[in-house]
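Q: I have a structure in front of me with a ligand in it, and I would like to learn how to read its surroundings. Could you take me through them step by step?

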Amino acid sequence: MALFGFNRPEGLKHRRGSRQWRGVIHEYADRLDVSKNTPVVSLGEGGTPLIEAHRLSEMTGLRVFIKFEGMNPTGSFKDRGMTMAVSKAKEHGAKAVICASTGNTSASAAAYAAYGGMTAAVLVPDGKISMGKLSQAVIHNAHVLQVAGNFDDCLDIARDLAENYPVHLVNSVNNDRIEGQKTASFEVIDVLGRAPEYHFLPVGNAGNYTAYHRGYREEAKRGRTSVIPRMFGFQAAGSAPFITGERVKNPDTIATAIRIGNPASWDLALAAREDSNGYFGAIDDQGILAAHKLLAKEVGVFVEPSSAISVAGLMERAEAGVLEKGATAVLTVTGHGLKDPQWALKNADGSDAEPTKVPVDVAQIAEVLGLKAGA
Ligand code: F0G
C-alpha cells in the first residue's frame with residue numbers, strides 16, 4: 001500500500017514489544033476499498049478504548065461498555081470516515097474538499113486536508129457550533145464560512161458546490177465516510193470476541209448508525225460474530241425527525257452536534273433499524289445534560305453533550321424494562337468533552353459551577369475539605 005507519511009516512517013522499524021496502532025485504513029485494509037495506489041492520509045485514528053462501565057452495569061443489570069470515540073486525533077469519531085474520504089479524494093486527484101458541519105466533521109476535514117496537503121472549505125451554521133470545534137477548523141487553516149442558516153441549509157449548499165465546482169464532498173453522503181466509520185464495529189468485535197446484543201448511539205444524519213450496522217453485518221458474514229446487535233439510536237427531542245416521521249424545519253437543542261432536521265442517511269438508517277430489530281428514541285435536553293454528568297461522575301469519561309445521549313438512551317430503555325438482563329450493551333460516545341466544556345461548568349439548577357476560593361493556608365484548606373489532622 002502506498003504510504004503517505006504516517007505510520008511506517010521510512011527507515012524506522014518498530015522496536016520489539018512496541019506496536020503503534022496504524023490507523024483504520026492500514027489496520028483494516030482487507031475490509032476497505034483501498035489498494036496500493038491509495039495515498040493513505042492518516043493521523044492514526046481508531047483503536048479507541050472500549051471501557052467497561054461497572055457503575056452503569058450495576059444500575060441497569062446489563063454488561064455495559066463505552067466506546068470512547070473522543071480519543072480519536074481530532075476528538076471525535078469523524079476521523080474514521082475522514083481518513084477514508086480524504087484518502088480517496090486524493091486518489092481521485094482532488095485538491096480541495098468541502099463539507100457542511102455542526103463542528104466535528106469540519107474539525108476533522110480541516111485536519112486531514114492539512115495532513116494531505118489539500119485545501120478544506122467548511123460551511124457551519126452561524127453561532128451554533130462550539131468554540132472548541134470552530135477553533136480546530138481555524139487553526140488547521142480551513143476556509144471557515146458561517147452560513148446564516150442551519151446545518152441542513154449548509155449541507156444543501158455543500159452538495160450543490162460539489163456537483164458544480166471542482167471540490168470533493170466529504171460529508172457522510174459520501175459512502176467513503178460510512179466505510180471508514182464501520183471500522184468501529186470491527187474494533188468492538190476484536191475486543192469482545194463477538195458483537196454485543198445492543199448498540200446505543202447518538203443520531204444526527206444517521207451516518208454512524210448506518211455505519212456500525214454495516215460493520216456488524218459484514219463481520220457476521222465473515223463468521224466473526226453470530227450476534228447482530230439491535231441498533232438503538234437517539235435524537236434530541238427538539239430535533240427528532242425519526243420520531244416525528246418528517247423533516248424538522250427548525251431543530252432546537254443544546255446538543256448542537258446533532259441539531260439536524262433532515263438526516264442525510266434517512267433511508268439507510270431506516271433499513272438498518274429494520275434489519276437489526278432496532279429502535280429510535282428521543283431525549284430532552286435536561287435528560288441529555290443529566291447523562292452528561294452521570295457518565296463523567298460515575299465512569300470517569302468526559303464527553304460532549306450530544307454523545308451523552310447514548311447513556312441517556314440506555315437508562316431510559318433499561319427503565320422501560322425492554323432490555324434483557326445480563327446482555328451486553330456497547331454505547332458509542334462520539335466526541336470529547338473538551339470540545340464543548342461550557343456545559344460541564346453548570347450546576348443542575350443552571351447556575352454556574354464556581355470553584356471554592358481559599359487563601360494560601362494549609363489549616364484553612366484542610367478545614368474546607370473536612371480533613372482532621374492525624375485522623
Ligand atoms: N455525535 C457527535 C459528537 C457528532 O458530531 C455527530 C455528527 C453525531 C453524533 C451524529 O452522527 O450524523 O452520523 O448521525 N456531527 C456532524 C458534524 C453532523 O457535522 O460534525 P451522525
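Q: How many nonpolar, polar and charged residues does the shell around the ligand have?

A: Residues can be sorted by class: Ala, Val, Leu, Ile, Met, Phe, Trp, Tyr, Cys and Pro count as nonpolar, Asp, Glu, Lys and Arg as charged, and the others, Gly among them, as polar. Here the shell around the ligand has 7 nonpolar, 11 polar and 2 charged residues. Bear in mind that this is a predicted model, in which local features need pLDDT of at least 70 and side-chain atom pairs count only at pLDDT 80 or more, while totals for chains, interfaces and linings use all residues. Residues are numbered from 1 along each chain as its sequence is written, and side-chain values use heavy atoms, with hydrogens and water left out.

Q: Which residues are the closest to the ligand?

A: A residue counts as near a molecule if one of its heavy atoms lies within 4 Å of it. By that rule 20 residues surround the ligand, and the closest are S101, T102, G204, A206 and T334.

Q: Which polar side-chain atoms lie 2.7 Å or 2.8 Å from an oxygen atom of the ligand?

A: A polar contact with the ligand is a pair of N or O atoms within 3.5 Å. One such atom belongs to the side chain of S101, at 2.7 Å from a ligand oxygen, and another to the side chain of N104, at 2.8 Å from an oxygen of the ligand. The backbone takes part as well, since a polar backbone atom of T105 is 2.8 Å from a ligand oxygen.

Q: Where does the ligand sit?

A: A cavity is a set of points, on a 1 Å grid over the protein atoms alone, where a 1.4 Å probe fits but cannot get out, and a molecule sits in it if more than half of its atoms lie within 2 Å of its grid points. In this model the ligand sits in the largest cavity. The residues lining this cavity, which have an atom within 4 Å of a point, divide into 10 nonpolar, 14 polar and 3 charged.

Conventions: Polar contact = N/O pair within 3.5 Å; in protein donor to acceptor, adjacent residues only side chain to side chain. 1 Å grid on protein atoms, 1.4 Å probe; cavity = no way out; pocket = protein on both sides within 12 Å on 5 of 7 lines; lining within 4 Å.
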